[in-house]
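Biologist: Could you show me the model and explain the words you use for it as we go?
Modeller: Sure, here it comes.
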Amino acid sequence: MLKQTEGSHAVAEAVALCRPEVICAYPISPQTHIVEGLGEMVKSGALANCEFINVESEFAAMSVAIGASAAGARAYTATASQGLLFMAEAVFNASGLGLPIVMTVANRAIGAPINIWNDHTDAMSQRDCGWIQLFAEDNQEALDLHIQAFRLGEELSLPVMVCMDGFILTHAYERVDIPAQPQVDAYLPRYEPRQILDPAEPVSIGAMVGPEAFMEVRYLAHIKQMQALELIPGYAEEFRSVFGRGSGGLLHSYRTEDADTIVVALGSVLGTIKDTVDEMRADGTRIGVLGITCFRPWPHAAMRTALEGAKRVVVLEKSLAVGLGGIVSSNVHNSLAAPSTPVYTVIAGLGGRTITRASLHGVFADAIAGQLESVSFLDLDGTAVDRVLAREREVRRSGPIAEAVLRGMGAPGARIG
Amino acid sequence: MFQTRIHGRGGQGVVTAAEMLSVAAFREGRFAQAFPSFGSERTGAPVVAFCRFDDKAIRLREPIMQPDALIIQDPTLLHQVDVFGGLVRDGYILINTSRSFSELGIGEFVQGFHAEHLCTVPATEFALKHVGRPLPNAALLGGFAAVSGHIAIDSVLAAIREKFPRKVADGNIAAARAAYEYVLGEMQEAAHAQAD
């Protein structure tokens with residue numbers, strides 16, 4: 001059914017349609033509306049046969065999800081930012097144990113300085129934790145990816161993180177098609193666990209493993225992620241046949257057929273990039289976009305093929321590997337058939353910084369002209385940075401950095417964009 | 001694409017107004033997108049929310065920097081925030097106040113815009129009368145339907161109905177209707193004055 005609703009609400013409805021049996025959550029912006037919505041549905045009885053467990057922290061949220069999943073329940077939770085970091089130890093345990101928990105990450109920056117706005121630092125900090133990581137471009141895809149996540153995770157017995165941009169998607173009202181229960185039931189079979197804590201047939205889960213077997217266990221986790229690369233395109237196809245729309249998959253190409261320049265990105269910024277590309281195409285520029293839906297496992301072969309014809313690649317990412325540059329771009333570079341193809345890393349949108357078409361036009365044009373640094377920062381206020389650096393050269397006790405940057409800027413809260 | 005920016009203060013239902021406007025457009029079969037400016041909202045602090053609608057799917061995620069319409073829920077913002085920033089030349093301005101543009105001290109400024117696209121409406125008074133609380137957002141949407149003509153009043157009323165529980169919706173619908181009639185009256189008066 002078509003509905004004009006908030007992204008968080010759409011995701012809550014999608015999760016409910018997947019018939020979860022245990023939902024545990026600890027509130028943190030911008031994820032809160034999702035689990036609030038689910039909590040209401042459990043309380044009202046609209047979501048039956050589901051236990052909603054309020055926990056005292058994110059660490060407990062993931063721990064409860066692990067316990068519930070090990071007991072054979074379909075388990076779901078959601079978090080963001082510092083919440084994801086606080087549960088990190090349990091996040092690794094969930095994947096290490098092979099428990100198919102589904103978790104929404106409403107992407108948000110990581111402090112310090114504290115910042116509630118969107119970027120991808122939280123999800124990227126956990127990129128090697130063994131979870132599958134899917135990124136949604138819009139609210140329809142966020143909704144759809146959750147349904148696919150349960151299917152994929154349970155088939156492989158691996159946990160899946162569905163990443164959606166905090167505020168930009170979670171708090172945006174837009175049109176979504178909410179599927180009917182029979183459609184979801186047809187697509188998502190009943191959960192048949194590969195392992196279960198059952199008093200009638202006792203097993204232990206999570207034994208200590210020494211040097212003789214640990215490598216093998218980790219290798220099997222890697223193999224499973226590689227299997228996900230095989231399964232994901234098929235699940236996306238099947239999704240299309242049941243729900244009548246394309247969602248999910250590994251990568252999405254847009255106007256890349258004859259493109260000299262391909263922009264690689266993930267998440268909601270793809271929409272703004274596509275509009276920019278349309279405008280540049282109208283002026284005769286051969287530019288296209290490659291959107292990453294599946295970031296982990298890394299779709300190496302598909303990426304290599306998709307970028308084959310490009311003379312240059314611009315990777316626009318909302319996270320920063322401090323001391324290196326780009327996380328996504330490093331991955332992209334590894335997948336290039338011709339390693340000499342220039343890859344420009346553009347760090348953008350950190351801590352909720354607006355990414356505008358005007359700025360994208362400028363940075364893409366610079367890349368095409370060969371005038372872009374290999375690592376650049378979109379709309380960086382160089383004056384503000386220089387001011388702080390100059391002060392640090394002059395004064396030993398130069399004081400806290402974030403406060404110094406703010407002080408030099410006046411009152412940015414009054415700005416609209 | 002038609003882009004509306006709504007300015008107000010935390011607690012005035014600015015974000016809800018943008019959401020309701022998007023629901024109203026959706027009900028007319030259009031694609032619509034509404035989102036807030038994502039500040040750490042505090043009661044009384046300046047808040048901005050955005051609503052776009054179009055006949056095709058909207059992919060753009062940047063804030064609205066060149067609005068086709070402005071709804072200003074609190075006239076005290078006029079001298080605090082650059083509320084008019086980027087407004088297109090034939091753009092619409094609706095301000096919640098019982099005063100006129102010249103009484104607000106911006107008579108000269110708005111001379112560059114189409115007179116028939118500008119209106120003030122005492123939305124808070126309508127809200128106090130019909131809702132019992134100084135929440136002008138729904139009333140302003142009623143006034144906006146009248147001044148802009150880009151959304152039907154029935155769609156606005158249906159969106160209000162969808163958003164609030166029945167009793168609250170009833171009051172807000174009455175306020176929206178009253179503001180709609182008021183703005184229509186103001187516009188007719190202005191048209192007559194011009195004809196004379």
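Biologist: What makes you call residues in H1(A) buried?
Modeller: A residue is buried if 20 or more other C-beta atoms lie within 10 Å of its own, exposed if 12 or fewer, and partly exposed in between, with C-beta atoms placed from the backbone. Gly7(A), His9(A), Glu13(A) and Leu17(A) are among the residues of H1(A) that pass as buried. In fact, 11 of the 11 residues of this helix (residues 7-17) are buried, and the helix is mostly covered. Keep in mind that this is a predicted model, where local features need pLDDT of at least 70, side-chain atom pairs count only at pLDDT 80 or more, and totals for chains, interfaces and linings use all residues. Residues are numbered from 1 along each chain as its sequence is written, and chains are lettered from A and ligands numbered from 1 in the order in which they are written.

Biologist: Why is strand S4 of chain A called largely enclosed?
Modeller: Same burial test: 5 of the 5 residues of S4(A) (residues 75-79) are buried, so the strand is largely enclosed by the rest of the structure. Ala75(A), Thr77(A) and Thr79(A) point one way, Tyr76(A) and Ala78(A) the other way. That fits a general pattern: in a regular strand the side chains alternate between the two faces of the sheet.

Biologist: How do you know which strands S4(A) pairs with?
Modeller: Two strands pair if DSSP finds at least two bridges between them. S2(A) (residues 22-25) has 2 bridges to S4(A) and runs parallel to it, with Val22(A) partnered by Ala75(A). S5(A) (residues 102-107) is joined to S4(A) by 4 bridges, also parallel, and there Thr79(A) stands opposite Val105(A). Both pairs pass the test.

Biologist: Why are H3(A) and H5(A) called roughly parallel?
Modeller: Angles under 35 degrees count as roughly parallel, over 145 as roughly antiparallel, 65 to 115 as roughly perpendicular and the rest as oblique. The axes of H3(A) (residues 58-70) and H5(A) (residues 88-96) cross at roughly 15° and come within 8 Å. The two helices are therefore roughly parallel to each other.

Biologist: What makes residues of H3(A) and H5(A) count as being in contact?
Modeller: Their C-beta atoms, placed from the backbone, must lie within 7 Å. Phe59(A) and Met62(A) of H3(A) are among those making the contact, as are Ala90(A) and Val91(A) of H5(A).

Biologist: How do you know that strand S8 of chain A pairs with S2(B)?
Modeller: There are 2 bridges between S8(A) (residues 173-177) and S2(B), so the pairing rule is met. These strands run antiparallel, and Tyr173(A) stands opposite Ala34(B).

How values were computed:
Axes are lines fitted to C-alpha atoms, for helices over the stretch in contact, and angles run from 0 to 180 degrees between N-to-C directions. Two residues are in contact if their C-beta atoms, placed from the backbone, lie within 7 Å.
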